Amino acid sequence: MAMKAMLIDAMRCIGCRGCQVACKTWNGRKAEKTEFFSGPGYQNPGDLSAETLTLITYNEVQVNGRFDWVFGKKQCMHCNTPACAAACPVGALKKLESGPVIYQKHRCIGCRYCMLACPFEIPRFEYDSANPYITKCTMCADRLETGGVPACSKVCPTGAIAFGDRDEMIREAQHRINQNPSGYYHEIYGLEEAGGTCVLHISNVPFDKLGHRTDVPKHAVNKDTEQAMEAIPIVMLGLAALLGGIYMLRTRTVHHESDAPRADG
Amino acid sequence: MTNHFIDMTNADVVMICGSNAAENHPIAMRWIRKTRERGAVVICVDPRYTRTAAFADVYCKLRSGTDIAFVNGMINYALQNDRIHREYVRQYTNASFLISPNYDFQNGLFSGYDAAKRSYDRSLWQYELDGDGIPKRDMTLEHPRCVFQLMKKFYERYDLETSCRITGAPMEDYRRTCEIFTSTWAPDRVGTWLYAMGTTQHTHGTQNIRSYSTLQLLLGNVGMAGGGVNALRGESNVQGSTDMGLLFNVLPGYLKAPAKGMESLQQYLDDATPKSKDPLSANWWQNYPKYIVSLLKAYWGEHATPANDFAYSHLPKTSGNHSFISLFEAMHAGKMRGLFCFGQNPAVGGPNSGKEREALGKLEWLVCVDLFETDTSVFWKRPGTDPSGIATEVFLLPAAASMEKEGSVVSSGRWVQWRYKAVDPPEEARTDSRIVSDLVRRMKEAYKAGGTFPDPILHLTWDYGDEPEPDIHRVAKEMNGRFLRDAVVNEKEFKAGQQVPGFAVLTSDGSTSCGSWIYAGSYTDAGNMSARRNKEDAPNGLGLYPKWAWCWPVNRRILYNRASCDPSGRPWDPKRWVIRWNPQLAEGKGGWEGDVPDGPWPPEAKLPFIMRPEGLACLFANSLVDGPFPEHYEPLESPVRNLMSGQRCSPVIKIWEPDKIGDSSRYPIVATTYRVSEHWQAGAMTRNTPWLVELVPDVFVELSTDLAKRKGIRNGDWVLVETARGSMRARALVTQRFEPFLIDGQLVDQIGIPWHWGFAGLATGDSANLLTPHVGDANTMIPEYKAFLCSLRKSGEVA
Ligand code: SF4
Ligand code: SF4
Ligand code: SF4
Ligand code: SF4
């Protein structure tokens, strides 16, 4: 299978959040308890979390001297050279040839190196769970396996989340920018970020205005496990004992799940 | 809609005014996005920078309740700068008709006003007729009393400056809006006008729509692909329910509900059937008798005979205005005993809902049929109420959701689309039709033992199979209509039991029955047309998809499509032809191709607007109670005087509670209500869905940074909003997306409140409708939810 990618177009997005709900529905993620709004505009929840794998941001900005309201979509970028996978000591995170970076929960020991390694600050940890796992967007790898498209892409009313071969998505992004050069910002976010990703963004405003990190280097950020460990703040090392405990728990889980390994979160 | 959703891809300019399509009809944006990427310009006109505004190329703000001033200015701009499709206007509208000298307009009042009755004598607004009874025309459009000249005079008062002073629209944005939209006057450019409840929910809501229609007709945009006047209906299948006679004043198929005094069928028909002496007018409604008799036959079958006026006497007669507000006023006055609420939640959705909640307590019984326990069903235990003082007996029946039953859903574009049942309803939940059917069967049983006037119940046709669950296909077939006996119609033979192929063969002699004449053709002997899923487009490639589902009437996808051609049958815009006359067809006799035309006649044989007795579209009409032209009036409550005349608000609106009108000295801020994408109507479904509650958990008020600063309110603070009806608390969302308006040199603030919340369910909060007034549009009585006055202040935390 050719490498797939998602193309997210802020010019097409109407901020309806069908995607956010579809993602929770398909992935069986719980609603979070929120109050009023937890970020600018209508944003809720405040950030990605163990239960929220994708998030729409509402940004009041000035474009060419005029006020505008633009919507960004946060989720895993599905890096071509995923720093999270490189940092993972047990190979629980894995880049598929078809694009998605998947998480094999039965392998995970809960060390959270992946969280520190990810340049986009994507993976989250189920702190509230007795048997916690890492969660992040899977690009709906389970849907792709049977020829489907990601749930968020399927549900999007305006076609703001295109899905297809990565080469094709890059051509499409370029085409849209060429068709409307005064409307679009002339870059494709994800084309080179972190060595290229399988989630591409185009927009009418610079990407930092949508809440995306623009300080990510345009080459692979391959921290191996050791480097990732070095980056762990000293306070977190105190959790080592807990991690050991989780590992014990996990080995039992692996035992149970080994007959039917699943490629999801 | 005159057109349909996919047709938006054919537009060069998309005007979204009175609609927040991105939030309330997100799927519309799929098609609007496509046409925008083709180079079309999308304009959003709204008091607030909405998610639709964010999507649009041009945004122009206006103060709530000033649509007419806004659009009349556009009309004037088109007239003054000759940006109109002159041939279209001359040939297809009543611009050339001469109007009686009795028509006049002075200081905000049309002639014929009776101040005591607060109504107009509309007979003064008549055409001048020639000796044959045909309206006189001046095709040069020069006669001082022709509609065109009267229009020029009427609209010239709305120059750009005046429109901006009233609406608060910034001149630069307004001029740009006028220029871009009126660019569609050219025959090969077309613009569509999308509206919704932002337009209708005003005391002059109907005239708002008329102003849009007038502009669209001047630009020659009606009947065209990518054009039209398009209502984005407020709920899924609300189109279907209005088609079926949801409103108090219509029967299925928009036949008039008979009123008291129309005691015989003939009296009713004399009133309802329009007449025309113009041989060029198709005057389609002359077929009225066929439709009403076929409907009566559907209701009472063999018991409806020529001898008993087809059981016409069984039809209830309206004894006045029984629209929503009137019903609740009557209920509040103790004049009603019972109420059925099917999927409706007036305790949240009704205007002045505090009063409506009180009214529910005066009923003997209340039946709520819904998916969840609604606020209405537990009105008796709302906060601050003592249930022991309420005697109403309440029944809550669990209903099946749309995915749990089979049937048709009609889109705003009039497409009747059949849906299959996906899953069984849970537990004891039942379909609405089953609930109604059980009730009817038991009523019939009860009436067998006698009762007052039992015949309408006992004789009512209820022929939907023997199962408790009515066979919904039989219902759909009944709507389509069938032959009750062998008959020859239009030289064609039909057998008893045959489904009618279309409404052209319905008869007034009792040989056909039809539950809704506009649905004739939807379920024929060839099968259920609305279940079709063929993705092949028509030869004109406009996205009509004629074999996808079915569309009323007669599968015509674009209404008034005869007007898309010049009088010889050639399309005004050959690139986007909807229909065209092909002389080669029918063995040289000629025929139309493309969409189903508005009638089969050759181009010259009939005028294009076949539903009007004139055969033409009306730029001037006496059908509305509040004037033949749309005139700007302020909402019932407004912070400013009417800059157009001494007549502050519409002179013919019915004011229920004169003591409940707020004054701008006490309530200086304009408020409006609306919905958000994440919640649905009165919230029963969405406020009980955790994923949606996560997104928008609490009721909030949107206000400008400017107003917030003056009031010392920060984002997230609790605020108290008060009106002459009531008060509510909400969280403040301080945003640049609202700005104060400059109205005739005066700074006017506006705020907005989504109205989804109530006291029942998972996410609760005060209802915005505690604030809204019991006043409605002069024609339809739709409540004025969209513009009223309030005060706003910071409030302490609430528990
Ligand atoms: S974005 Fe982060 S979590 Fe996602 S693949 Fe890249 S490194 Fe891994
Ligand atoms: S928590 Fe540790 S083991 Fe689990 S996926 Fe992340 S890096 Fe790998
Ligand atoms: S691709 Fe799947 S997992 Fe990722 S954001 Fe979309 S729906 Fe959620
Ligand atoms: S579903 Fe599409 S349009 Fe709606 S918020 Fe998500 S990306 Fe934007």
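Why is helix H2 (residues 28-37) of chain B largely enclosed by the rest of the structure? In this predicted model, seven of the ten residues of that helix are buried, so H2(B) is largely enclosed by its surroundings. The buried positions are B:Ala28, B:Met29, B:Trp31, B:Ile32, B:Arg33, B:Thr35 and B:Arg36, a list in which two arginines, B:Arg33 and B:Arg36, appear beside residues such as B:Trp31 and B:Ile32. The elements that cover these residues include S1, helix H1 (21-24), strand S2 (41-45), helix H3 (51-55) and S8 of chain B. Just after the helix, B:Gly39 adopts a positive phi of about 115°.

One of the covering elements, S8 of chain B, can be followed further. Strand S8 (residues 191-195) of chain B has five of its five residues buried, so this strand too is largely enclosed by the rest of the structure. In a regular strand the side chains alternate between the two faces of the sheet. In S8(B) both faces are covered, with B:Gly191, B:Trp193 and B:Tyr195 buried on one side and B:Thr192 and B:Leu194 buried on the other. Strands of a sheet pair through backbone hydrogen bonds, either parallel or antiparallel. S8(B) runs parallel to strand S1 (residues 13-17) of chain B, to which four bridges join it, and it also pairs in the parallel sense with strand S9 (residues 229-231) of chain B, over three bridges. B:Trp193 can serve as a reference point for both pairings, since B:Met15 stands opposite this tryptophan, while in S9(B) its bridge partner is B:Val229.

Later in chain B, attention turns to a pair of helices. Helix H12 (residues 265-272) and helix H13 (residues 288-300) of chain B pack at an angle of about 135°, with their axes 10 Å apart, and H12(B) and H13(B) are therefore oblique to each other. The crossing of H12(B) and H13(B) is right-handed. From H12(B), the residues B:Leu265, B:Tyr268, B:Leu269 and B:Ala272 meet B:Tyr288, B:Pro289, B:Ile292, B:Val293 and B:Leu296 of H13(B). The residues of this contact comprise nine nonpolar, no polar and no charged.

The loop between H12 and H13 of chain B contains B:Asp278. This aspartate has a relative accessible area of 18%, and because buried means under 20%, B:Asp278 counts as buried. Leaving aside residues up to four places away in sequence, B:Asp278 touches B:Ile134 and B:Leu607. A further relation across the sequence links B:Asp278 with B:Pro613, for these two are 335 residues apart in sequence and 8.3 Å apart in space, C-alpha to C-alpha.

Chain A has nine helices and nine strands, and 55% of its 265 residues count as buried. Among contacts in chain A between residues at least 6 apart in sequence, 62% join residues at least 24 apart. An open sheet of three strands in chain A has the order S8-S1-S9, with mixed pairing. Its edge strands are strand S8 (161-165) and strand S9 (199-202) of chain A, each of which pairs on one side only, and the twist averages 25° from one strand to the next. Strand S1 (residues 4-9) of chain A pairs with S9(A) in the parallel sense over four bridges, and within this pairing A:Asp9 stands opposite A:Ile202 in S9(A). Helix H6 (residues 166-179) of chain A packs on the sheet and touches S1, S8 and S9 of chain A, its direction making about 135° with that of S8(A).

Key. Residues are numbered from 1 along each chain as its sequence is written. Chains are lettered from A and ligands numbered from 1 in the order in which they are written. This is a predicted model: local features need pLDDT of at least 70, side-chain atom pairs count only at pLDDT 80 or more; totals for chains, interfaces and linings use all residues. Side-chain values use heavy atoms; hydrogens and water are left out. Buried means under 20% relative accessible area, exposed over 50%, partly exposed in between (1.4 Å probe, protein chains only). Two strands pair if DSSP finds at least two bridges between them. Axes are lines fitted to C-alpha atoms, for helices over the stretch in contact, and angles run from 0 to 180 degrees between N-to-C directions. Angles under 35 degrees count as roughly parallel, over 145 as roughly antiparallel, 65 to 115 as roughly perpendicular and the rest as oblique. A crossing is left-handed if the near helix is turned anticlockwise from the far one by less than a right angle, and right-handed if clockwise. Contact means heavy atoms within 4.5 Å. Ala, Val, Leu, Ile, Met, Phe, Trp, Tyr, Cys and Pro count as nonpolar, Asp, Glu, Lys and Arg as charged, and the others, Gly among them, as polar.
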